[in-house]
Amino acid sequence: PMAQPAAPYELQKPRIDPNQMPSPNTVHMHDQKTHAEQHYSTGLKTNVPLACTKFTAIDEGNSNPRFVRLTMYNIPNSEELLKASYLPLGMVVQPLADLDSTEEPVKVIDFGDEGPIRCLRCKTYINPHMSFINGGKSFVCNMCSHENPVPDDYFCNLDMAGRRLDCEMRPELSKGTVEFVATKDFIMRKPTPTSFVFAIDVTWGAVQSGMVAQAAAAIKDAIFGGVGLPPGAKVGIITFDRSAHFYSLLPTLDQAQMMVVPDIQDVFVPINDGFVVDPYESQVIIEGLLDGLPTMFANNRTAEPVLGAVVQATHDALRSRGGKLVVFQSALPTFGPGSLKQRDDVKLHNTDKERTLFEPQDSFYHDWAVKFVEEGICCSLYLFPSAYMDAATLCQLPTVTGGETYMYPRFDSTRDGRRFAADLRADVQRTYGGSGVLRIRTSDGLRVEDHYGNLYMRNHVDVELAGVTSDSAIGAAFQYDGKLDEKQDVFFQVALLYTTSDGQRRIRVHNLAIPCTTLIGNMFRHSEVDTSMNLISKMAVAEALTTPLKDVREKLTDRCVQVLTAYRRNCASGSSPGQLILPEQYKLSPIYTLALLKSPAIRGGADVPIDQRIYHMCLLRQLSVRQTLDYFYPRVIPLHTLAEHEGVASGETGDAVLPDFVRASYTVLDPAGAYLLSSCGALTLWVGRQASPEFVQEAFGASSIDQIDATAMSLPQVDTVLNQKIHTIAKQLVPARADFVSVQIVRQGMDQAEVLFASKLVEDRNNDNMTYVDFVCAVHRQIQVEVRPKGPVEPKWSYN
């Protein structure tokens with residue numbers, strides 16, 4: 001019989017070679033090569049280095065992309081043009097991001113009692129994109145075009161081109177990012193250095209799991225190890241079970257004095273002086289207390305941690321000064337203020353009603369979080385669940401106050417201890433600001449439609465951040481109010497008013513001027529898929545609170561199809577229908593979309609514990625663009641084929657040349673090889689069943705693969721070149737955890753942990769979803785249905 005002719009929208013067999021699929025590894029390597037040789041000038045306005053690229057930026061009037069990233073660097077002049085492309089229009093702001101050591105620090109400018117010059121109409125701060133007229137006596141606002149008088153003491157003559165003669169000497173007129181000293185108008189209460197309060201759950205479960213001992217050691221290291229806390233910081237310690245215990249840490253004491261408040265319905269801090277202290281003056285007292293905690297509570301049989309009371313007491317203690325509460329919690333708080341009920345119901349998992357479990361049980365923690373914001377108190381939450389903890393309710397604390405959530409399910413000191421210690425050290429030692437208020441201003445014709453991230457909004461324009469760190473990332477989606485003038489740049493200004501960790505009130509200002517376009521091709525050519533996917537994932541999490549996950553997944557897939565269809569229609573309409581055409585800047589959209597669909601935050605299946613789901617939603621809400629890249633696509637490094645120059649730390653930078661990464665797929669792993677996988681700061685070393693005895697001996701100091709200790713959670717130290725190289729590569733992959741590198745060793749076909757390892761290989765069929773190749777084929781089929789002349793409607797594909 002004759003073969004049936006293939007339908008025009010079906011991909012031709014043979015099956016696609018997976019190696020032909022666009023790979024993040026190749027894209028990132030190419031971008032790194034582009035920016036390795038020369039510095040990036042922000043004056044270019046476009047062709048911004050990718051978030052994972054190592055680069056040096058020179059600020060020439062536009063903000064460094066480390067601080068602000070847009071989803072596209074050619075802004076459409078109208079809403080119709082944006083809608084035709086289906087591309088998201090927005091930004092992700094990291095206002096206190098760390099600069100590279102090769103870049104100039106942000107300049108601080110003091111305008112005295114008058115404060116920085118601003119537009120009288122829209123309050124935009126003076127910046128390099130404002131123009132001066134009338135011989136320098138007036139300036140025109142770049143946002144609203146209002147003409148403002150120049151104060152007499154700020155006057156300067158103009159050159160022939162209309163530029164001020166002093167503009168290169170004034171950072172506010174030449175740099176995209178500056179920081180102004182805030183005047184009295186911006187100071188609500190006396191700014192003070194940051195106070196860190198560590199609150200440790202010491203109930204029976206927390207003690208037995210080893211969490212209490214590990215937390216005490218990690219706090220000690222975070223305060224006194226590495227670079228230490230920011231200058232001037234103060235420290236307080238609380239422990240709690242069914243009652244709350246406070247400690248006087250005055251340096252004049254012989255040892256810490258413990259005071260117990262058993263009446264937790266009316267909790268207060270029973271210490272006037274000595275609850276928060278200078279950690280160096282009281283170092284002996286603090287270290288003595290932390291060293292003694294595990295023994296002090298070793299026989300504690302109480303099982304109900306009173307978190308609500310601790311929150312109330314910390315609010316009371318830090319009311320006039322602000323600060324940061326770091327909570328270590330091991331169980332559902334079922335006693336005292338803010339007590340919660342066990343409400344997890346497996347029958348709801350993977351149904352439309354599952355989202356009722358994503359909402360808080362009641363408003364207690366949200367209400368107290370809002371009170372925290374009013375006082376400039378931020379909260380970070382470290383959860384150690386052995387059973388359901390209702391993360392959806394507890395996570396209101398970090399989500400509203402600008403903090404972060406960390407989770408270590410079924411905590412095991414050997415397996416998780418080093419990662420926990422590294423997380424805590426990075427959390428409290430990084431750049432920190434308190435009592436922040438952030439506002440984004442845009443050119444007339446655009447406005448911010450929604451903000452995303454860990455933040456609180458009392459009105460629709462001011463983003464309140466009780467705490468803001470160098471990793472804090474805020475997403476913003478823009479909406480049109482009118483048409484933009486394509487002959488002019490589109491302007492953005494992000495201003496963050498905050499208190500530095502050493503107690504100074506500042507206003508950090510980031511400025512961008514971006515070209516405007518009437519061509520859809522320019523929008524695609526200058527789009528930024530990394531920032532777009534970060535913003536889309538933040539939007540998806542926000543949507544999941546009100547929409548069934550099945551619909552959220554379908555919408556994500558539809559968006560991927562719509563963007564690629566729009567490109568096909570508008571930019572590649574002449575190509576053959578059987579060909580899959582992907583825009584160069586957006587070709588990673590399918591793999592990132594698939595990764596998001598496979599994330600525990602979004603994916604289908606009834607096997608995702610609800611707290612895990614909530615934790616991953618929190619992660620997506622708080623991750624920066626750089627961090628989401630690690631989250632979406634793990635880096636997989638072959639270790640068995642290292643060239644002589646690879647894995648050797650250079651004398652100048654300490655960085656090593658890394659070998660080319662391989663695809664995140666089990667099919668490319670050589671059973672005779674070994675690979676290091678890095679995902680979200682966690683490392684896994686996979687050893688193939690047929691790895692050579694020489695490799696096993698040199699890498700692990702073991703005579704055979706059976707002799708490798710897969711429970712150690714660290715790389716053995718062996719006096720060989722190969723072992724040194726593996727250690728160097730591991731440290732380079734997780735620089736923030738370099739002192740605490742923990743590695744899960746997985747032997748092919750031997751260790752249970754291989755299941756988790758395989759689930760991270762995003763190109764394979766796993767996590768209730770298809771392979772990368774199959775997903776691209778499905779997307780391609782759908783594109784062809786969309787662009788085909790309309791006939792009978794195809795059934796919509798889905799894999800929910």
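Start by selecting Asn350: at 40% relative accessibility, this residue counts as partly exposed. The model you have open is a predicted one, and residue numbers run from 1 along the chain.

**Stop 1: two loops with an unusual backbone angle**

Stay on Asn350 for a moment. You will find this residue in the loop between strand E15 (323-329) and helix H8 (364-375). Its phi is positive, about 60 degrees, although Asn350 is not a glycine. Most residues other than glycine have a negative phi.

Now jump to Asn767, in the loop between helix H20 (754-759) and helix H21 (772-787). Here too phi is positive, near 50 degrees, in a residue other than glycine.

**Stop 2: a helix wrapped by others**

Select residues 589-598, which make up helix H15. How many of the 10 residues of this helix are buried? The count is 10 of the 10, so H15 is largely enclosed by the rest of the structure. Among the buried residues are Pro590, Tyr592, Leu594 and Lys598.

To see what surrounds them, show the neighbouring helices as well. The buried residues of H15 pack against helix H1 (24-37), helix H13 (529-544) and helix H14 (549-571), and also against helix H16 (610-622), helix H17 (625-632) and H21. You have already been beside H21, as the loop holding Asn767 leads up to this helix.

While H17 is on display, pick out Asp630 and Arg635. Their side chains meet in a salt bridge, at 3.5 Å from N to O. Are these two buried or exposed? Asp630 is buried, with a relative accessible area of 13%, and Arg635 is buried as well, at 15%.

**Stop 3: a strand with two antiparallel partners**

Next, select strand E18, residues 432-442. Nine of its 11 residues are buried, so this strand is largely enclosed by the rest of the structure.

Add strand E20 (residues 463-469), which pairs with E18 in the antiparallel sense over six bridges. To find one matching pair, click Gly433, which stands opposite Val468 in E20.

Then add E22, which is joined to E18 by eight bridges, again running antiparallel. On this side, Arg441 stands opposite Gln493 in E22. Strands of a sheet pair through backbone hydrogen bonds, either parallel or antiparallel.

**Stop 4: following the charges**

Side chains of opposite charge can pair when their charged atoms come close. The structure holds 35 salt bridges, and a few of them make good places to visit.

Begin with Lys45 and Asp489, whose closest N and O atoms are 2.4 Å apart. Lys45 lies in the loop between strand E1 (40-41) and strand E2 (57-58), and Asp489 in the loop between strand E21 (474-480) and strand E22 (490-500), so the pair ties together parts that are 444 residues apart in sequence. Lys45 counts as partly exposed at 25% relative accessibility, and Asp489 counts as partly exposed at 22%.

Move on to Asp221 and Arg425, which form a salt bridge at 2.9 Å from N to O. Asp221 belongs to helix H5 (residues 211-224) and Arg425 to helix H11 (residues 413-429), so this pair ties together parts that are 204 residues apart in sequence. Arg425 is buried, with a relative accessible area of 13%.

For a group rather than a pair, select Lys324, Glu404, Asp427, Arg430 and Asp471 together. These residues are linked in a network of salt bridges.

**Stop 5: a three-stranded sheet**

Now select strands E7, E8 and E9, which form an open sheet in the order E7-E8-E9 with antiparallel pairing. Which strands stand at the edges? They are E7 (131-133) and E9 (147-149), each with a single partner strand, so one side of each is left without a neighbour in the sheet. Neighbouring strands here are turned by 35 degrees against each other on average, direction ignored.

Look at the E7 side in detail: three bridges join E7 to strand E8 (residues 138-140). The bridge partner of Ser131 in E8 is Val140.

**Last stop: a nonpolar patch**

Finish on the surface with Met258, Val260 and Met296. These residues form a nonpolar patch with about 250 Å² of accessible area together. Val260 has its place in strand E14 (residues 257-261), and at 44% relative accessibility Val260 counts as partly exposed.

Technical notes:
This is a predicted model: local features need pLDDT of at least 70, side-chain atom pairs count only at pLDDT 80 or more; totals for chains, interfaces and linings use all residues. Side-chain values use heavy atoms; hydrogens and water are left out. A salt bridge is a side-chain nitrogen of Lys or Arg within 4 Å of a carboxyl oxygen of Asp or Glu. Helices (H or I, at least four residues) and strands (E, at least two) are DSSP runs, numbered from the N terminus. Buried means under 20% relative accessible area, exposed over 50%, partly exposed in between (1.4 Å probe, protein chains only). Two strands pair if DSSP finds at least two bridges between them. Axes are lines fitted to C-alpha atoms, for helices over the stretch in contact, and angles run from 0 to 180 degrees between N-to-C directions. Patches are made of residues with over 30% relative accessible area and no salt bridge: like charges are joined within 9 Å, nonpolar side chains (Val, Leu, Ile, Met, Phe, Trp, Tyr) within 5 Å. Accessible areas come from the Shrake-Rupley method with a 1.4 Å probe; for residues, only the protein chains shown count as cover. Contact means heavy atoms within 4.5 Å.
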